[in-house]
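Hi there,

Here is the structure I promised to pass on. Have a look at it first, and then read on for what turned up.

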Amino acid sequence: MNRTQTEQYLKTALSALSDLRSEQMELTGEVRWTPYDYGKDPSPDQSSKEWESFERDQTWGGKDLHFCFDTMVTTPAQAAGKN
Amino acid sequence: MLRLNTGATNVWNADNPQVFVYLNGVLTGTMDMNHHELLLEQVAQAGKQYNVRFYAYSNYSQKTNFFHLTLHAVNPLIEAVYYDFKVAFEVAALLREDDERKILLYDILTKAALMMDLRNGQQEVEQSICDAGAWLRKTLEEHRSESVCEVYSIGHTHIDVAWKWPLRQTREKAARSFQTVLSLMKEYPEYVFMSSQPQLYQFVKEDRPALYKQIKERVKEGRWETEGAMWLGADCNLSSGESLVRHILHGKRFFKQEFGCDENLVLWLPDVFGYSAALPQIMKKSGVKYFMTTKISWNDTNKFPYDTVYWEGIDGSRVLSHFITTTNYVPYPELSVKRNFNTTYNGLENASQVMGSWQRYQNKDISKKVLTCYGYGDGGGGTTREMIEQGKRLQNGILNLPRVRFSTVRKFFEDLEQELQNKQVPSWYGELYLEFHRGTYTSMGAVKQKNRQCEFLLQNTETLATLASETAEMVYPHKELDAAWKLLLLNQFHDILPGSSIEEVYTQAAEDYQKIERICTELIDRSFGALSSNLSVKPCDQTQADAAIVWNPLSFGSDLVIELDGKKTVASGAEFLQDTAYGTKLYRVQQVPAKAARKLLLASNTDQSSGAGTVLAEQEKICVETEFYSATVSSTGGILRLYDKEQNRDLFAERAPGNCFKVFDDRPNEYDSWNIDASYSLKSFATTPVCNAQLVEDGEYRKVIRVRTKYRSSTIEQNIIFYLHSRRIDFETKIDWQEHQHLLKAEFPFQLFSRKISADIQFGNVERQTHKKTSREQAQFEMCAHKWVDCSENGYGAALLNDSKYGYSAEGATISLTLLKSGIYPNENCDIGHHAFTYSLYPHKEDFRTGGVVQQAYRLNCKPITFFAQNVGNEDCLPSLKLSADNIICETIKKAESGEGVVVRMYECYGCQTTLDWEYDLGECQAFECDLLERVEKQLPVQDGNISCVFAPYEIKTFLLKK
Ligand SMILES: [Zn+2]
């Protein structure tokens, strides 16, 4: 192998290692969303219009704005013992 | 582990979405585009449930973020090998093709890769990778040799206290970034983090006490370094000398009191837009030994020639300075097309930047140590797991390449100082001028004006409160004054005072300045109230008053001119000068000693006639005669002629008038409100007169010519004031500015033989060349000065004074005062609207010293304070300050921070050694000389109240008087 081919081989190995670092698990909980503001303790109203809009567009953002997302995560059996 | 993808991967760190994460109601971590992973548990337990709440902030104008959350199980063994492999590979890839180390590393890595079974889903995978990893580590260890240098590495995040977000968001940014640090520290015992800016800790202390408590624990363990010396990263061009002192006083005190840590030794200002030549002395006299910035590498013209240097201030004080050299490694610098010498305080702690830090270092001959701080910053964020993982591999060392050492900043400087012993360390005299953000001396005129006014107001308030507590029954208002000072210091942050924040930040700043003014006005009233028995007066409403106390805030005796509304006249104590065009009356109180007061007796004014609003003459040009000048003023305000009768010469040439308004198209290539590009001066536009020049006052004290001129939709109105018996000419200016991206200057092309100017800075002055021979001089086409600049030839000169401006340009003997800069980014309305300020022309004999420029500039900036009362006796005496030398200025008289004694601070302003005899009559006192933090250094003899001492050129001295 020449230098470029070696480099390419090592890059591929690194990329494979990167992928093997972790395994994606199923996320069971639903994500719920509501807009927030400074000074508020996040305790979202889960049936807000904003949530409906998020469900529709799946986007959020804007200048100097807050949002709150809630979900429930359960550790799957096959993740046990790992990070 | 949870991973969050918001889609905002190409958004700059300052704008990206940032998230607090609560696990089962407890703040556990943070996420943003650089921290998109959250570890739920070090060792996952099957079936364990988490209620996860993400409290997210967006500062990106488009609503384009999404929220894709995924759950992952991470194999820590494979991850460790991944980083071993990654770092060694990145190092090798950076080396030159002919470097034997590259060949060796590629060979080792290829062998390691061949040992791994990388087929996903195979049982053998984990074992083969672990075996290969062990072999890789062992082999690298065998080939390791002594490293060429050590790269001291400290975790860090730069948080702008306000900028593209308001202060209320900074409070969250600080909490988020600090939480990130705490989470990382749990995972990585070797992680060391440093954050300066006590103001941020104060926010966290107020908002999130539980988080603050954890920080304290980490500080105690020595893993969290609270260094930096100042209250926050203050602008060092514009803040006054006393403000800089207070930054260090409050900064050091906070860290010591809150965290019990050793005294701060490092002035840490990575991102400030130029460093005044007064700083080394301020640092030295505050016990700050070391200085660090990276910003000086942002010069657009000249690469700063040193990275390790003794920086020497105007007075000769030297501080060891090291400039972070973090930048990407370039394998073939000789082939680089772009000249780029920028370095960063937002380091990544990867192979390229660790190697680049050493490659970019210019003082390899004297030190084998460089510093890098790593972590995303500007809008906070900080270190990532990846950075620490990489740092750990680079800490082990690869071959003989630069080796990381996790360290504190203080340890770096102490080791550097040690290493420099007996070495020829270069030195740099004078300011560290940043050849880049030259517009920050001018942008947002309003905030600069309020800053200047409040700096003086706070000092005057302190002096009066000291008098009231020392000679009367007032309790010194330490708390109120601290609160007011801290508001001032907050707004001196390096994106607020320089004018480079969004509009909302300035709305808040205006409220803060009002608060400072309210506190000071109330304290001044309270102080005069307490002093009223000393002055034989009784406080009362102004309308009931039959006396006025006029206090001289200057540090030299002076005639004081006061202005009373038409309802009162002065019966005794002051001489009537003139009715003004605004219906007020001017009086002169003769020779009031420094910091002393004079009582005037008032009477009701029965003669209500006034010349208010009367125009006495109206012409295209108006001629004025005074004791000193024959002058002609045009309808645009230009001084067509200024013939100096004493000197028999004209200050301006024919067709080159003084006070000529010039408007420039100002559209810098980048950093709109920050920068002025050199090309601005290629083309200028004139203003046009709205009407004839008007003579509106023609008295025995002063003559006032009013001019109105316009540029497009903007108007400028000036009252040009000639005093019959003073050399000073004032330009009271009101502007309604409506033009975006313009620069407005007032030009004075003096007929003087001079190729340099002197410029006022904190606690002294500097000389600047106006003949641009070298590229360094050419790059200084816009300069910063405080209250005055002076252009003098042998025997004669002229100064421009101002009450709120900081930007100047000078070419030969032509000086221009920069009045406005109306950029559109990040504040689209910068400098749009009303402005009112005064600048003055002051021609004089000799140079700025003999010519009395310093004193005139103080007179313009520091007006007498008047207190109305009812007279009940003859006493009118407050202690005065007696100084035997004109060149010693005293701005500060305050109660000692300890509460015991009075602190008096003075400085020498002519650059010459001076023996001073002085006294301040507060009764019998012991006198001590202190450092700037009021720590006693030695006792001074006091003879009949007189203290004698010797000032070195430009020396600042702090005295403590104790009863
Ligand atoms: Zn900054």
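Let me start with Asp160(B): this residue counts as buried because its relative accessibility is 1%, and the cut-off for buried is under 20%. Please keep in mind that this is a predicted model.

Asp160(B) is one of the protein donors of the zinc ion, alongside His158(B), Asp271(B) and His494(B). The two histidines bind through NE2 and the two aspartates through OD, at 1.9 to 2.2 Å from the zinc ion. Along the chain, the donors are spaced as H-x1-D-x110-D-x222-H. Asp160(B) and His494(B) thus come from distant parts of the chain, 334 residues apart. Asp160(B) sits in the loop between strand S7 (150–155) and helix H4 (167–187) of chain B, and His494(B) in the loop between helix H13 (478–490) and helix H14 (503–531) of chain B. His494(B) is buried too, also with a relative accessible area of 1%.

What is the arrangement of the four donor atoms around the zinc ion? It is irregular, because the angles they subtend run from 89 to 158°.

Now to the nonpolar cores. The largest has 246 residues, and Phe85(B), Phe750(B), Leu841(B) and Trp918(B) touch the most other members. Helix H1 (residues 76–94) of chain B gives the most to this core, with 11 residues. A second, separate core has 24 residues, among them Val73(A), Met31(B), Phe54(B) and Leu71(B).

Leaving aside residues up to four places away in sequence, Phe750(B) touches residues including Leu651(B), Phe652(B), Cys791(B), Ile815(B) and Leu841(B).

Best wishes

Technical notes
Residues numbered from 1 in each chain as written. Chains lettered and ligands numbered in written order. Predicted model: local features only at pLDDT ≥ 70, side-chain atom pairs only at ≥ 80, totals over all residues. Heavy atoms only, no water. Core = buried A, V, L, I, M, F, W, Y, C linked by side-chain atoms within 4.5 Å. Buried < 20%, exposed > 50% of the residue type's maximum accessible area, 1.4 Å probe, protein only. Helix = DSSP H or I, 4+ residues; strand = E, 2+ residues; numbered from the N terminus. Contact = heavy atoms within 4.5 Å. Donors = N, O, S within 2.8 Å, 3.2 Å for Na, K, Ca; no water. Tetrahedral: all angles 85-135°; square planar, octahedral: opposite > 155°, others 65-115°.
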